[in-house]
Amino acid sequence: MNDLKFPDGFEWGVATAAFQIEGAKDTRGESVWDDFCAKKGAIRDGSDGSVACDHYHRYREDVAIMKELGVDNYRFSISWPRVIPDGAGAVNEKGLDFYDRLTDELLGNGITPYATLFHWDLPLALHEQGGWLNPKSADWFFHYAESVGKRLGDRIKNFITFNEPQCFIPYGYRFGTHAPGFKLSTKEILLAIHNVLRAHGAGVSALRQTVSSARIGVAMAADADYPLTDSPQDIQAAKRVILSLKEGEENWLTNIVHWDDPIYFGDYPKESYERFGDLMPVMSREDSALISQKIEFHGQNCYSGSPVVSDGKGGASHAPLPLGFPKNALNWLVCPRAIWFVTKCLYERYRMPIYITENGICCNDWIHEDGKVHDSARIDFYKKYLKELKRSIDEGADIRGYFAWSLLDNFEWADGYGERFGLVYVDYATQRRTIKDSGYFYRDLIRENKGRKH
């Protein structure tokens with residue numbers, strides 16, 4: 001693995017999300033995803049997250065697996081409705097007790113916790129009050145983040161406010177395929193985006209007040225278009241595409257600059273105002289200051305992308321895909337160059353240290369006759385994406401760490417349990433865990449990087 005030698009101090013980890021693995025529904029409040037799962041036809045296999053991987057009861061076993069894999073960092077999300085069942089009222093001490101136990105178990109095994117405050121499971125009670133369309137949502141999130149910081153901030157120092165707002169807003173509120181299943185107008189979506197950004201800022205404020213020496217970031221998804229070739233023309237064309245709001249397309253919902261510029265520059269890009277005009281929410285001085293508070297790192301999730309080619313006239317277009325282009329089990333394109341280019345563009349624009357907070361692939365895995373899970377496609381995926389990530393580092397991007405998605409097979413949102421992303425296979429009938437070949441590959445990769453000076 002000579003082409004996968006990363007800098008000294010590079011952080012290796014795995015990632016999960018509360019609703020996808022915890023289970024123990026009876027010990028928390030209802031979320032929008034509980035409500036969505038109850039709707040006929042919303043989840044492909046009719047399942048829900050009431051048991052999931054039963055991580056709530058099996059966290060010690062799962063931490064032991066992390067230790068066996070040699071990961072030094074674990075990114076997990078805290079369930080807002082587990083901590084505050086109605087979202088804005090009294091704190092559920094028993095809910096925080098779970099994260100107490102998990103944190104202590106991680107630290108006792110030499111694993112650094114990275115806690116994500118919001119990974120899509122909005123308390124249902126807050127949704128019924130307007131959710132992200134309600135300007136009070138920032139205050140709700142402040143109270144929640146403050147409660148977490150007061151209880152866990154003596155041990156957890158690394159926090160991520162939001163995970164992939166470019167996913168839970170478009171798919172939940174525009175396309176209706178994720179919770180809560182809405183199809184809102186452009187004006188309403190722009191307002192929801194603004195309130196999520198305000199809530200991010202409120203979360204930063206709460207953590208600054210309650211956690212000494214906190215390191216805070218946000219985990220974003222984005223269009224990950226990339227140049228078809230390394231020609232200067234294709235590279236410039238791809239930059240224009242990935243850093244713009246293309247007229248007539250819905251890409252602004254997952255666009256980098258519309259979501260990230262307010263966090264790092266204090267306002268939306270000029271293109272946003274030009275495109276949406278009076279539909280845009282007002283960016284007051286107070287909102288700008290709240291949203292653009294200093295953070296320590298940028299988290300980027302990356303799975304797929306699309307190749308871009310120059311038209312030779314200053315324009316750009318997506319290149320046609322050849323027949324048989326590689327895809328994962330969800331038909332997402334396998335595009336290693338995407339992780340190189342998106343991190344390159346992010347660092348050039350924002351000059352913020354970057355963590356890959358999610359990267360992985362779903363495959364049709366099963367237990368083989370020898371009792372093992374042979375997932376060579378996942379190993380190949382990791383090799384190719386990590387090689388391209390290393391290229392970004394070699395070209396000057398400040399990339400500090402990598403979290404593989406995911407530690408466990410889990411509830412894959414609207415696709416239920418039919419798709420598997422884990423380094424560890426979960427038999428949902430028995431909850432038995434089996435480390436896949438890819439898990440052992442990741443273990444060996446981490447060992448080689450830890451043991452080599454370069």
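**Group meeting: a walk through the chain**

Okay, let's start with contacts: among those with a separation of 6 or more, 78% join residues that sit 24 or more positions apart in this chain. Before I go on, keep in mind that this is a predicted model.

So, the overall picture. We've got 16 helices and 13 strands. The C-alpha trace spans about 60 × 50 × 45 Å along its principal axes. How does the radius of gyration fit with a compact globule? For 454 residues you'd look for something near 22 Å, and the chain has 21 Å, which agrees. Buried residues make up 61% of the 454. On the outside, there's about 17,100 Å² of accessible surface, and 50% of that belongs to carbon and sulfur atoms. As for charge, I have 54 positive and 64 negative side chains, with the centres of the two sets 3 Å apart.

Now let's go inside. The largest nonpolar core has 139 residues. Which residues have the most contacts inside it? Those are W33, W80, W132, I169, Y402 and Y442. Helix α9, residues 186-210, gives this core its largest share, ten residues. There's also another core apart from that one, with 13 residues, including Y114, I160, F403 and W405.

Let me pick out W33 for a second. Skip its neighbours within four places in sequence, and W33 is still in contact with F19, I43, W120, H178, A179, F411, W413 and A414. Hang on to W120, A179 and W413 from that list, as they'll come up again.

Next stop, helix α8, residues 165-174. Nine of its ten residues are buried, so the helix is largely enclosed by the rest of the structure. The buried ones are P165, Q166, C167, F168, I169, P170, G172, Y173 and R174. And I169 you've already met, as one of the residues with the most contacts inside the largest core. What covers the buried residues of α8? The cover includes strands β3, β4 and β5, plus helices α9 and α11. After α8 comes G176, with a positive phi near 75°.

On to the backbone oddities. Here's the background: most residues other than glycine have a negative phi, and most peptide bonds are trans. Now the exceptions. A179 and P180 are joined by a cis peptide bond, with omega about 5°, and P180 sits in the loop between α8 and α9. Another cis bond runs from W405 to S406, with omega near 5°. S406 is in the loop between β11 and β12.

Then there are two tryptophans with positive phi. W120 has a phi of about 85°, and you'll find W120 in the loop between β3 and α6. Is W120 buried or exposed? With a relative accessible area of 7%, W120 is buried. W413 has a positive phi of about 50°, and W413 lies in the loop between β11 and β12. W413 is buried too, with a relative accessible area of 4%. Both W120 and W413 are on that list of W33 contacts.

Last one, a charged residue. D100 belongs to helix α5, residues 93-108. At 14% relative accessibility, D100 counts as buried, since the cut-off is under 20%. Leaving out residues up to four places away in sequence, D100 touches R151, L152 and R155. That's my tour, thanks.

How values were computed:
Residues are numbered from 1 along each chain as its sequence is written. This is a predicted model: local features need pLDDT of at least 70, side-chain atom pairs count only at pLDDT 80 or more; totals for chains, interfaces and linings use all residues. Side-chain values use heavy atoms; hydrogens and water are left out. Helices (H or I, at least four residues) and strands (E, at least two) are DSSP runs, numbered from the N terminus. The radius of gyration is taken over C-alpha atoms; the globule rule is 2.2 Å times the number of residues to the power 0.38. Buried means under 20% relative accessible area, exposed over 50%, partly exposed in between (1.4 Å probe, protein chains only). Contact means heavy atoms within 4.5 Å. Accessible areas come from the Shrake-Rupley method with a 1.4 Å probe; for residues, only the protein chains shown count as cover. Lys and Arg count as positive and Asp and Glu as negative; His and the chain ends are not counted. The place of a charge is taken as NZ of Lys, CZ of Arg, CG of Asp or CD of Glu. A nonpolar core is a set of buried Ala, Val, Leu, Ile, Met, Phe, Trp, Tyr and Cys residues joined through side-chain atoms within 4.5 Å.
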